[in-house]
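Trainee: Could you take me through one part of this model closely, with attention to charged side chains and what surrounds them? I would like a single connected account rather than a list.

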Amino acid sequence: MEESISGFKRRGTWDEVVEHGERITRALRDADVDSTAFDDWDEWRPKSHERLGEDVNEKTAQQASVGEGEGEKAGKTPNDDLKTAGEKLSRSYERVEEGDNEGAVESWQDSINYVARAADSAGRKALRKVEDTVYRNVMTQLAPYYFDNELVSANIQRVGRGSGDERFVFEVNVNDDELKSMVSETLRDFEDEIDRWHIDTPKETEVAEAVEGVEVPTTDEEHGSNWTTN
């Protein structure tokens with residue numbers, strides 16, 4: 001592993017860069033990091049059973065897309081908001097006729113807000129469609145696969161394509177300096193203490209469960225550790 005101001009970098013085989021991601025994840029967990037940002041990182045990081053051009057590509061496209069607007073978060077489509085805007089506008093006219101000018105202005109403002117929210121939702125949907133197409137067909141040919149949130153910034157790319165020895169470069173940076181220092185210390189401890197790191201792999205339980213009397217094996221993660229010491 002190479003450590004610099006830009007983060008923790010590992011060059012190697014797929015299993016080696018997967019292990020790099022697992023070690024950083026364990027170091028973050030040991031530092032008591034527990035947040036949505038951590039969960040998003042844990043979901044995105046490469047896994048042993050995944051492929052870069054398929055699984056990591058898919059996850060990168062998803063996390064890189066424009067987030068949901070207020071209307072989408074509320075579960076409303078642009079048409080829903082436009083319908084509500086029309087109802088608010090009608091109510092505004094009614095209040096004018098009733099002599100309730102203050103209420104009329106309030107309903108009119110609500111109507112404008114719903115129109116704006118509808119436009120925002122429609123725009124985000126269209127932009128995501130363009131982004132997805134551009135990312136999948138263009139950006140993955142030009143740039144490494146990347147992840148970025150308030151906790152972690154990371155990128156991974158394939159090197160030596162066609163050489164017969166597929167290699168990867170995986171760089172991860174922890175965005176908080178104090179937390180990064182803690183992670184760095186833990187990673188150094190791993191280097192000094194770990195004899196063999198057991199890479200997490202999905203459990204194959206379907207066959208075992210189908211055979212009476214066969215007990216499904218537990219993974220290293222269920223035992224609470226990915227590694228053994230000397």
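Mentor: Let us begin with a pair of charged residues, Lys59 and Glu50, both of which are buried. This is a predicted model, and in it the side chains of Lys59 and Glu50 meet in a salt bridge, with 3.0 Å from N to O. Side chains of opposite charge can pair when their charged atoms come close.

Lys47 belongs to the same discussion, since its list of contacts includes Lys59: leaving aside residues up to four places away in sequence, Lys47 touches Trp14, Val18, Asp42 and Lys59. Lys47 sits in the loop between helix H2 (36–44) and helix H3 (52–64). Although Lys47 is buried, it has no salt bridge, and the nearest side chain of opposite charge is that of Glu50, 4.7 Å away. Because a salt bridge is counted only when the nitrogen lies within 4 Å of a carboxyl oxygen, the distance of 4.7 Å between Lys47 and Glu50 does not qualify. Glu50 therefore appears twice in this account, as the salt-bridge partner of Lys59 and as the unpaired neighbour of Lys47 within the meaning of that cut-off.

Helix H2, on one side of that loop, has Ala37, Phe38, Trp41 and Trp44 as buried residues. Viewed down the axis of H2, these buried residues fall within an arc of 130 degrees, so they line one face of the helix. An α-helix has 3.6 residues a turn, so residues three or four places apart point the same way. Thr36 and Glu43, on the other side of H2, are exposed.

For contrast with the buried pair, consider the other salt bridges. By the distance rule the count comes to nine, and one of them joins the side chains of Glu3 and Arg188 at 4.0 Å, N to O. That pair links distant parts of the chain, with Glu3 in strand S1 and Arg188 in helix H7 (residues 177–193), 185 residues apart. Glu3 counts as partly exposed because its relative accessibility is 42%, and Arg188, with a relative accessible area of 45%, is partly exposed as well. Another salt bridge is formed by the side chains of Glu166 and Arg158, at 2.7 Å from N to O; here Glu166 is partly exposed at 44% relative accessibility, and Arg158 is partly exposed at 24%. Glu19, Arg23 and Glu191, in turn, are linked in a network of salt bridges.

Glu3 also leads into the strands, for it stands opposite Phe8 in S2. Strand S1 (residues 2–4) and S2 pair in the antiparallel sense over three bridges, and the two form a hairpin with two residues between them. S2 (residues 7–12) is mostly covered, five of its six residues being buried, and it pairs in the antiparallel sense with strand S5 (residues 167–174) over five bridges, where Val169 is the bridge partner of Arg11.

As a setting for these details, the protein has eight helices and seven strands, and of its 230 residues 33% count as buried. Among contacts between residues at least 6 apart in sequence, 66% join residues at least 24 apart. The protein exposes about 14,200 Å², of which carbon and sulfur atoms supply 45%.

Technical notes
Residues numbered from 1 in each chain as written. Predicted model: local features only at pLDDT ≥ 70, side-chain atom pairs only at ≥ 80, totals over all residues. Heavy atoms only, no water. Buried < 20%, exposed > 50% of the residue type's maximum accessible area, 1.4 Å probe, protein only. Helix = DSSP H or I, 4+ residues; strand = E, 2+ residues; numbered from the N terminus. Pairing = 2+ DSSP bridges. Lys, Arg positive; Asp, Glu negative; His and termini not counted. Contact = heavy atoms within 4.5 Å. Areas by Shrake-Rupley, 256 points an atom, 1.4 Å probe, with all protein chains shown as cover. Arc of directions from axis to C-beta.
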